[in-house]
Structure formats: C-alpha cells, structure tokens
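Q: Please take a close look at the sheet in this protein chain, at the elements that pair or pack with it, and at a few individual residues that help to place it. I would like one connected account rather than a list.

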Amino acid sequence: MQTDEPVLDRHLLAQRMAELSRSIAAPRRTEDVLAEVTTAVVELIPGADTAGVLLIGPGGKFDSMAGTTGIPHELDELQRTLGEGPCMQAALKETVVRTDDFRAEPRWPKYSAAVLEVGVFSGLSFKLYTADRTAGALNVFGFQPHAWDADAETIGMVLAAHAAAALAASREGENLNSALLTRDRIGQAKGIIMERYGVDDVRAFGMLRSLSQESNMRLVDVAQRVIDTRNT
C-alpha cells in the first residue's frame with residue numbers, strides 16, 4: 001500500500017497539468033488561467049494554505065492577481081509598502097525563494113514580523129519568466145512552519161512554468177490585437193487622405209510617414225489624428 005500513494009500523487013499531478021495546459025491553449029482571460037494555477041497550487045502542494053501571483057511592471061507598479069484568499073493580496077501590499085519581501089525577490093532576482101519559518105527569517109525583518117501577525121509562517125516563491133518588462137512570481141504561503149520539502153519546490157516550479165505560459169499567451173494575444181488595430185487605423189487614415197487629396201495609397205502612406213517624422217509622433221498616432229479630423 002505504501003508504494004501506491006506516490007503513484008496516485010503523480011497521476012493527480014499529471015492530470016492537473018494536462019488540464020492547465022488545455023486552459024492555457026484556449027482563448028481565455030489571463031486572470032482566469034492564473035486563478036486555475038493558484039487553485040492547483042493549494043490542491044497539489046502539501047502545506048500550501050493560500051497562493052497568489054505578483055506582477056511588477058515598469059516603474060515598480062504592483063499587480064496582485066489570482067489570490068485563493070485575500071492574504072496574498074495583503075502580503076503583496078505589505079511588500080510594496082515596506083520595499084522588501086520574498087515575492088519581490090523572486091520576481092526581480094532569484095528563481096526560488098523559500099522560507100521555512102518567518103520567526104527565524106533575517107532577510108526581510110519588517111515583512112517577516114508583519115506576516116506572522118497575519119498567521120503565515122512559511123513561504124515559497126517562484127520566478128515567472130516573462131517576455132516583456134514585467135517581472136512576476138508565483139507565491140505560496142503556509143500557516144505552519146517547515147511546510148515545504150523538495151517535492152513541494154518541484155511541483156511549484158512546474159506550476160510556475162504554466163503560469164508564465166499563460167502570461168506569455170496573453171501578451172501575444174494583446175500584441176496581435178494591437179497590431180490589427182494599428183493596421184486598421186493606418187488604413188482608415190490612408191483612405192481619408194486619398195479621398196481628400198486625390199492621391200493613390202502609396203502617396204497617402206508617404207504623406208502619413210512624412211507627418212510622423214516631422215511631428216516626431218508614432219505613425220499610428222498621426223493616423224488617429226487624421227481620423228479624428230475627418231469631419232472638421
């Protein structure tokens with residue numbers, strides 16, 4: 001009987017990984033996919049009582065997402081205020097940041113004292129590798145000290161890879177939509193110029209490009225101005 005339990009655990013892990021892979025492949029909101037990842041974290045990692053995702057954008061903007069409870073959002077806000085903490089360190093520097101007992105954690109003294117008041121004793125954070133300037137971490141918290149082992153880290157790293165894939169898929173979709181919108185705006189502006197000045201599409205595009213260079217504005221912004229002035 002003792003040898004069957006790890007097999008069942010591996011089967012459950014493989015099943016949940018397959019489900020998450022299908023979620024990422026489907027056209028869904030990033031927030032929904034990340035919520036499935038953090039739910040799987042609590043389900044699959046023993047000692048994980050709550051989990052969430054922290055994204056740090058340009059200018060240090062914090063975005064706390066997919067918390068299974070309100071605690072991850074509270075702890076993200078603490079780190080933003082205090083300027084220290086394991087989730088920040090994982091997002092910006094290290095691949096895995098683990099704390100077995102915040103009562104004996106010297107790296108972030110202010111943060112450690114604060115999380116103990118919330119009832120959190122253990123923490124495990126995994127860097128999310130993103131393709132843009134946004135840094136991120138998948139964060140796991142336990143209400144008991146010494147909650148994690150090597151298996152917990154391994155499972156967490158696999159789930160973090162899925163979370164990073166969800167973010168990448170979302171960014172790709174956003175970039176595609178942005179590119180289509182840009183093309184549409186430039187096309188509209190070219191049509192307006194062609195009608196207004198009696199030129200062909202090549203000449204109309206050249207006029208747009210010249211305006212962009214002379215005004216030091218992006219081509220799409222110049223195109224939007226042409227569209228906005230259509231009826232003036």
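**The sheet and its surroundings**

A: Threonine 50 is a convenient place to begin: in this predicted model, the residue is buried, with a relative accessible area of 0%. Threonine 50 is found in strand S1, which covers residues 50-56. Its side chain makes two polar contacts with other side chains, one to threonine 68 at 2.9 Å and one to threonine 69 at 2.7 Å. Leaving aside residues up to four places away in sequence, threonine 50 touches Val42, Thr68, Thr69, Ile71, Pro72, Asn139, Val140 and Phe141.

From this residue the view can widen to the chain. The protein chain holds 8 helices and 5 strands, and from the N terminus on its elements follow the order α-α-β-β-α-α-β-α-β-β-α-α-α. Of its 232 residues, 39% count as buried. Among the contacts with a separation of 6 or more, 58% come from residues that are 24 or more positions apart.

The 5 strands form an open sheet in the order S2-S1-S5-S4-S3, with antiparallel pairing. Strand S2 (62-65) and S3 stand at the edges and have a single partner strand each, so one side of each is left without a neighbour in the sheet. From one strand to the next, the twist averages 20°.

At the S2 edge, S1 and S2 run antiparallel and are joined by 4 bridges, and isoleucine 56 stands opposite phenylalanine 62 in S2. Helix H2 (residues 30-44) packs on the sheet, where it touches S1, S2 and S5, and its direction makes about 140° with that of S1. Helix H3 (residues 71-82) also lies across S1, S2 and S5, and runs at about 165° to S2. The contacts of threonine 50 fit into this picture, since they include Val42 and Ile71, of which Val42 falls within the residue range of H2 and Ile71 within that of H3.

Further along the sheet, S4 pairs in the antiparallel sense with strand S5 (residues 135-142) over 7 bridges, and within this pairing glycine 142 in S5 is the bridge partner of serine 122. On its other flank, S4 pairs with strand S3 (residues 96-99), again in the antiparallel sense, over 4 bridges. Two positions illustrate that register: arginine 98 stands opposite leucine 124 in S4, and valine 96 has phenylalanine 126 in S4 as its bridge partner.

The burial of these two paired strands can be read residue by residue. S4 is mostly covered, as 7 of its 7 residues are buried. Ser122, Leu124, Phe126 and Leu128 point one way from S4, while Gly123, Ser125 and Lys127 point the other way, and all are buried. In S3 the side chains alternate, with Val97 and Thr99 pointing to one face and buried, whereas Val96 and Arg98 point to the other face and are not buried. For the two bridged pairs, this means that leucine 124 and phenylalanine 126 are buried, while Arg98 and Val96 are not.Just before S4 in the chain, glycine 119 lies in the loop between helix H5 (109-118) and strand S4 (122-128). Glycine 119 is partly exposed, with a relative accessible area of 22%; burial here is set at under 20% relative accessible area, so that value falls outside it. Not counting residues up to four places away in sequence, glycine 119 touches Gly142 and Phe143. Its C-alpha atom and that of glutamine 144, a residue 25 positions away along the chain, are separated by 8.5 Å. Gly142 also appears in the strand pairing, as the bridge partner of serine 122.

One helix pair completes the account. The axes of helix H7 (residues 201-215) and helix H8 (residues 219-228) come within 9 Å and cross at roughly 110°. That angle makes H7 roughly perpendicular to H8, and H7 passes H8 in a right-handed crossing. Where the two helices meet, H7 contributes Phe205, Leu208, Arg209, Leu211, Ser212 and Ser215, and H8 contributes Leu219, Val222, Ala223 and Val226.

Notes:
Residues numbered from 1 in each chain as written. Predicted model: local features only at pLDDT ≥ 70, side-chain atom pairs only at ≥ 80, totals over all residues. Heavy atoms only, no water. Buried < 20%, exposed > 50% of the residue type's maximum accessible area, 1.4 Å probe, protein only. Polar contact = N/O pair within 3.5 Å; in protein donor to acceptor, adjacent residues only side chain to side chain. Contact = heavy atoms within 4.5 Å. Pairing = 2+ DSSP bridges. Axes fitted to C-alpha atoms, helices over the stretch in contact; angles between N-to-C directions. Parallel < 35°, antiparallel > 145°, perpendicular 65-115°, else oblique. Left-handed = near helix turned anticlockwise from the far one by under 90°.
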